[in-house]
Amino acid sequence: MFLFLEQLEKELFNITGIQLDSYNPEFLINRIKERMLSLGIERQSDYLERLKTFPGEAEILLHTIGINVSKFFRNPLIYEIFEHHILPNLLWRKTKEADKSIRIWSAGCACGEEPYSIAILLHSLLYNQLDDWQINIFGTDINSQSLTQAANGLYDTTRLSETKFGYLQSYFTPDGSKYRIKSTIRNMVNFSLEDLATKQRVAPAESIYGEFDLVFCRNVMIYFNEKTRKEILNKIVHTLCSNGLLVLGESEGLLSDEMVSFTEVDRKNRIFKKS
Amino acid sequence: MDFFNKYSVKLRVTLLMLLFIILITSLGLFTLQRISILHDLTDTLYNHPLQVSNAALRAKTGVIRMHRSMKDVALSNSQLELDLAINRVQDDEKLVYEDLATVRTLILGEEGQKLVNETIQMFAGWKPIRMEVEQLVIEGKKIPAARITREKGADYVAMLERQMNELTSYAHGKADGFIMNARETHSDIRDKMIWIIFIVSVICLASAFIVIGGITRSVHTLQEKMAESVTKGKLEKVDMPGSNEFTVLAKHFNTLVTTIEEQLQTSKYINDLNHILTGDKELSELYHHIISFITRTVNGCASAIYHFDEQKELCTLRAQFASIERVKPSETFKLGEGGIGQVALERSPLRIDNIGSSDVQVKSATYQQSPVSIYTVPIVFDQKILAVLEIAFLNPITSSQQQFIDQAANSIGGVLNSALQNTRIKQLLLESQEANKLLEVKSSEVGDKNEELNALNKELKAQATELQVQKNELEIQRNQVERADRLKSEFLSNMSHELRTPLNSILSLSQLLISKGVDKDIITSNEYIHVIDRNGRQLLHLINDILDLTKIESGKMELYPEEFSLDNLLVELKDTVSPLAARKNLQISFSQQEPVTLNSDRDKIRQILLNLLSNAIKFSETGTIQLETDSREGNLTFHVKDEGMGISETDQKLIFNEFTQVDGSFTRSHDGTGLGLAICTKLAALLGGTISLSSELGVGSIFSLTIPLMLTGNNSTFTPNTATSHNYAGNMDGRNTILVIDDDEHDRAEISALLNQSGYRAVEAPSGKTGLNLAKEMKPNLISLDLVMPGMDGWEALQMLKSDPATTAIPVIITSQIEEEETSRALGAAGCIQKPIDKDDFLSKIEEISGQGKIQSILVVDDDLGVRQYFKDILVENGYSVDQAQNGAVALEKYRQSQPDLIVLDLIMPVMDGFSFLKKLEANSSNDIPPVIVVTSKDLSHDDLNNLTGTAETFTKQKLDKQVFLKTVAKVLNESNGEVRKPLQSDKSAILVVDDNEVAGEQIQIVLEEHDFDVMLARDGEQALKFIEQRIPDGIVLDLMMPKIDGFGVLESIRSGGETAEIPVLVLTAKEITIEERQLLTNNNVHQLIQKGATDRDQLAASVLRMVEPERMQADDTASFDSRKNTILVVEDNKDNRFTVQAIFKNEGFNLVFAEDGQAGIDYAYKYSPDLILMDIQLPDLSGIDAMKQLKSDSKMDQIPIIALTAKAMKGDREELLAEGFDDYAPKPINPDELIAKVKNWLKAEG
């Protein structure tokens, strides 16, 4: 059992760079078993194989263990695409349409890394025109502790490992061994407690009416069962404005019947456009 | 048993069945008869003994009764008794006689009859005794009567009784006899029946066995024979005489066997024949074999075979079998001649039977006879006749013989063919051997000639190649010429388009101005003139480009070399292109390795780089534009990189050519003449350098300019570098000027550079004094002021600036080593920045302070110094510059001096109050009244409010909320934004939005304002209630969960007040509503309840609209359309041209719809169904021609007249466009009157 744990830790470290050394092995084993049980996997070697081959598994496992793996600019490629392609196009289109408002929803925002990242991009793109724009970024999560942390805006360096130095310099101030996000960015994002699976509303309450230009729902729906997943996706379709974009996690995708509402913008980065 | 075979199975089975039926019927009849016998017996059994004994018994009792009555007679005491007794005796006597009569009729047998007769006699014998007794009694001699009765009578009666008993027993005995009889009859019947059934069964079985046996035997025989044939492969016939179904079957079977045997025999013969014919045989031998085998096999008496020569069409005798006594068989037959010729002609066999006596005889040693029949067959292979075979028979030919001959002829065909071929090959071989010998002799002669020919051939080939090369070259040249020609005309056409597009606006608008007059509508005219001006400049720019090109081409371009630093050039370039890039959200990055000094023509280099950079910006949508420099070996290379759309390899070669743009077609999406790069290349060449390009589609392009550091071949005169002091000349180009006052040269330069890079124009002052002077002189938009300076320090300078009316409005940012924010603000500075300066902070501060590049000034008019000071404090704190006036008169004076952006006005003041001030203001000034916010302690009457229409907002002093006030100020300023202030529309509905969440409130506000509501925001219940006290809104959007006073609280307090009780309220909440809460809401007259996040923008607005202005719900976006007017769709990509068209049709009474490209044009056509379409030809993406064609191809749209608008006015264009399908054509520049006339004409025709 402990040999298995050792292999697993090694594999997980290879994939995510996260060390599990400091955790109680028995606790870890219980959690791994829990995960294996929910997958219906009995053999340890099978689970190791899944961990190696299935892209989202490491993350789910970490989540099962209770480790939040969110980072600023996690999967930097997506943010590059947003910075150089999607956001400029969006801004340009909106300018053309004389509708200088951008509405973004980060569904499952954890400790705010994702909405802050996108806020940073928008801030750096708009810079001195920021005041001309009505920017609404909504970060929602079901975990109130995460939201408190998000509103607090204090992050240790592991969360910033993908953050460009320029952004770090411009938008964070060192605070002890940690970094605090500057208030300009913090004020751009609105955090609220929201259960994605609720049937009471479609969009987060704080957003009043949805109509989002962008919805990030990365690595969230993997935790729900198929039925709930469909319901959530339906809600997202409703909250997106026409031509709005949906970003899913790298291991997620849309089924062909779900693609009816979307066209694929970027296959690799799971960016979909409401059509 | 074979005897039965004569009869058919059907007959046999029928007979059998008939027999069965007869037997069974007889059996039944017999049984019936026996049953009736038994029945008779039973009847007798019942009737005789029973009735006889019964009657006897009754007679007996009668006798006894008579005897008793006789006793009564004897003993009777009276006449009456006697008479009664005698009557009884007589009655009984009658009965007894009746019974005895019955017995006599029924009783059987003689003995019985005798017994009965005796009994009757005996009974009759008793009568005299009774008579005697009666007589005695009558005589009265009772005792002798009684004695006679007792003695004689009793004896008689006893005798009669015995007789009666005898009768009964006789009857019984007789009955027993009957039963015995019946039993015998029964057993007799049973025995007979058993026998009969046995016999019938035996007969049935026997006959069935015989019949079925007959059938099965036949089947069995057949089956056995067939099984034998199948399993053993030995065909055997069935011997079955008779004439029934089976014998017929057997006969057929036999026929089948015979046929198969014959076929087997035939194929065996064929096999034998094939066997005989195999192997290489001489043709004659073969013929012989064939004929002898076949004739023998079929028992022919004689035969002959003829070879058929196809070319000669002649049959020749080749072999014969047995001699035929005749003249001799003919050696040859022509085609169609005789039997042989006929068969060869028809290719089908010929059979002749019943030949009578003839002279043809078959002869043997001992016998001689004429043949009876002849059979002639063709031998065919592969559709060709090879030979004809004829066989004669002494008997009539059987079909099997014929069949065999036919088959044999078939297989002979193949063999004969190969034999014939072989013979022919042999013959050819001989011939070719001879010919070869002849050839050998000739070939040696030819060999010599061949060499000569080869040499000649080579020479010819070389010439042909040369010709081909020349032809190819010519072809290339021709293509080049054609291409150049095409490009030239394309260029001309483009150029004419480029020249005409601005000209169009210029001419059309100026014509409009001429015809409609300038002074009627100054603002519109002004707009026209601006457009004319802009287009004029563009035209100038174009013409300059063309002139440049011509100048270079004609060698008239002169160079002015000078020595200059690269840094300087780069800064200037960056200054120029940054705003362009910023407009497209592109990043600009310039990097330089080391300081370089050049000696070259600075302006030309600048021109080239500027062109490359602006191209990069023009063709990029995202990314960074980079300029990198790289100097080596006396050359300097500039790389201009972009992340734009890139250029394909084929296009890379073209774009440096003049007249070319990558996309020269109708659907160009980028403006430009296509001359820029051509000019650049030529300029670079002039400077002794080159321009190169590397690019990848979709990735980006790098244009590289390489020029020598020293321009050679020129007497370059050294010109000192004076460029550092350029562009300090104040606010000339519309950029905001910022005065930088700092004693430290390094700091000053840094700040200036920073500002210049960011689109400002920095002016430097090295000391406070110079700064003050410059500030007065230049009126900069902002001042950056250092604190620590020798002489006059920053604080002093700030004080001077703020105390001088000329400079007091200029916001000042203090730059300092230490944090002095509060002190700075207290002394009137707009903010403070700590050194070393953080670029972003500094810039954002400037942005923040200057708003849209302009500090907004506010005039506060109030007689109360304290109030003035309060407003000044809070306004200055928020970056406004504030001027004050203590009454209306002073305010008017100040207003004339400084034209504030906003006025905060008290109403009650000495000298001139607020109302009069407003009136004066309106009367005195032209259009340009700034917005006014009224702040008063007066309770405003209805009239007051009427007088105040036109002011932006009204606040009551006592309830003034600082944040709300500031927001209002910002909002009002934002709305007016330097433009003419529109008077506040008093007909707008006012909605109060109550939400503690700022973001939520703002969003609701945005939506509602989009839908033309006047929106007020309250952050909590308390504030909401305050608001409502000041002004009763037309509707309220209410959140439920709020601190202190929540939504329910607000509702209750609203509903309790008389005036507010009826305000419609929409509850917008994220709360899950309980039933009680819902009840509470309903009770408080809330009809709309919307869950936050469960609605969308339009729904939200519609809900509010429905609540507040239900009548507005009907109006939709076509409201601005007057349905009585004709609608014209204008598809035009050029903004100025759209403006021009709009100006032309202004006041002409049309609804105008504009589309910017072809696709939008189509969409709008469907959306608005216009009465006419004006279509530009050169449109981005989808050209006007294609858009027109799409519309014309739809039967719903093809009725709409489409008029082409184009600046391309080449010869024949009109015809071409009409041929494409346009209904009409209007050339640019547009003549307004002509176009209007044309449009009206078409619309009239439309009807």
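This is a short exchange about how some labels are assigned in a predicted model.

Biologist: Why are H1(A) and H3(A) called roughly parallel to each other?

Modeller: Helix H1 (residues 2-16) of chain A and helix H3 (residues 44-53) of chain A pack at an angle of about 5°. Angles under 35 degrees count as roughly parallel, so H1(A) and H3(A) get that label. Their axes are 10 Å apart.

Biologist: Which residues make the contact of H1(A) with H3(A)?

Modeller: H1(A) contributes A:Phe4, A:Gln7, A:Leu8, A:Glu11, A:Leu12 and A:Ile15. From H3(A) come A:Gln44, A:Tyr47, A:Leu48, A:Leu51 and A:Lys52. By class there are seven nonpolar, two polar and two charged residues in the contact of H1(A) with H3(A).

Biologist: What makes H2(A) and H4(A) oblique to each other?

Modeller: The axes of helix H2 (residues 25-39) of chain A and helix H4 (residues 57-65) of chain A cross at roughly 125°. Roughly perpendicular covers 65 to 115 degrees, and roughly antiparallel needs over 145. The angle of roughly 125° fits neither range, and H2(A) and H4(A) are therefore oblique. The two axes come within 9 Å, and H2(A) passes H4(A) in a right-handed crossing.

Biologist: Which residues of H2(A) and H4(A) meet?

Modeller: On the H2(A) side they are A:Phe27, A:Leu28, A:Arg31, A:Ile32, A:Glu34, A:Arg35 and A:Leu39. On the H4(A) side they are A:Glu57, A:Ile60, A:Leu61, A:Thr64 and A:Ile65. The residues of this contact divide into seven nonpolar, one polar and four charged.

Biologist: Turning to chain B, how do you know that B:Ile291 is buried?

Modeller: B:Ile291 has a relative accessible area of 0%. Buried means under 20%, so B:Ile291 qualifies. B:Ile291 lies in helix H6 (residues 283-297) of chain B. Leaving out residues up to four places away in sequence, B:Ile291 touches B:Ser303, B:Ala304, B:Ile305, B:Ala319, B:Gln320, B:Phe321 and B:Leu389. The C-alpha atoms of B:Ile291 and B:Phe321 are separated by 6.6 Å, with their positions 30 residues apart along the chain.

Biologist: Why is B:Ser694 called partly exposed?

Modeller: The relative accessible area of B:Ser694 is 40%. Under 20% would be buried and over 50% exposed, so B:Ser694 falls in between and is partly exposed. B:Ser694 belongs to strand E15 (residues 690-696) of chain B. Apart from neighbours within four places in sequence, its contacts are B:Gln652, B:Gly700, B:Ser701 and B:Ile702.

Biologist: What is the value of phi for B:Arg347, and what is it for B:Asp382?

Modeller: Phi is near 60° in B:Arg347 and near 55° in B:Asp382. Each is a positive value in a residue other than glycine. B:Arg347 sits in the loop between helix H7 (338-346) and strand E5 (350-352) of chain B, whereas B:Asp382 is in the loop between strand E8 (373-381) and strand E9 (384-393) of chain B.

Biologist: What makes B:Asp382 exposed, and why does B:Arg347 count as partly exposed?

Modeller: B:Asp382 has a relative accessible area of 61%. The cut-off for exposed is over 50%, so B:Asp382 is exposed. B:Arg347, at 40% relative accessibility, does not pass that cut-off and is not under 20% either, so B:Arg347 counts as partly exposed.

Biologist: How much of chain B is made up of buried residues?

Modeller: Buried residues account for 44% of the 1247 residues in chain B.

Notes
Residues are numbered from 1 along each chain as its sequence is written. Chains are lettered from A and ligands numbered from 1 in the order in which they are written. This is a predicted model: local features need pLDDT of at least 70, side-chain atom pairs count only at pLDDT 80 or more; totals for chains, interfaces and linings use all residues. Side-chain values use heavy atoms; hydrogens and water are left out. Axes are lines fitted to C-alpha atoms, for helices over the stretch in contact, and angles run from 0 to 180 degrees between N-to-C directions. Helices (H or I, at least four residues) and strands (E, at least two) are DSSP runs, numbered from the N terminus. A crossing is left-handed if the near helix is turned anticlockwise from the far one by less than a right angle, and right-handed if clockwise. Contact means heavy atoms within 4.5 Å. Ala, Val, Leu, Ile, Met, Phe, Trp, Tyr, Cys and Pro count as nonpolar, Asp, Glu, Lys and Arg as charged, and the others, Gly among them, as polar. Buried means under 20% relative accessible area, exposed over 50%, partly exposed in between (1.4 Å probe, protein chains only).
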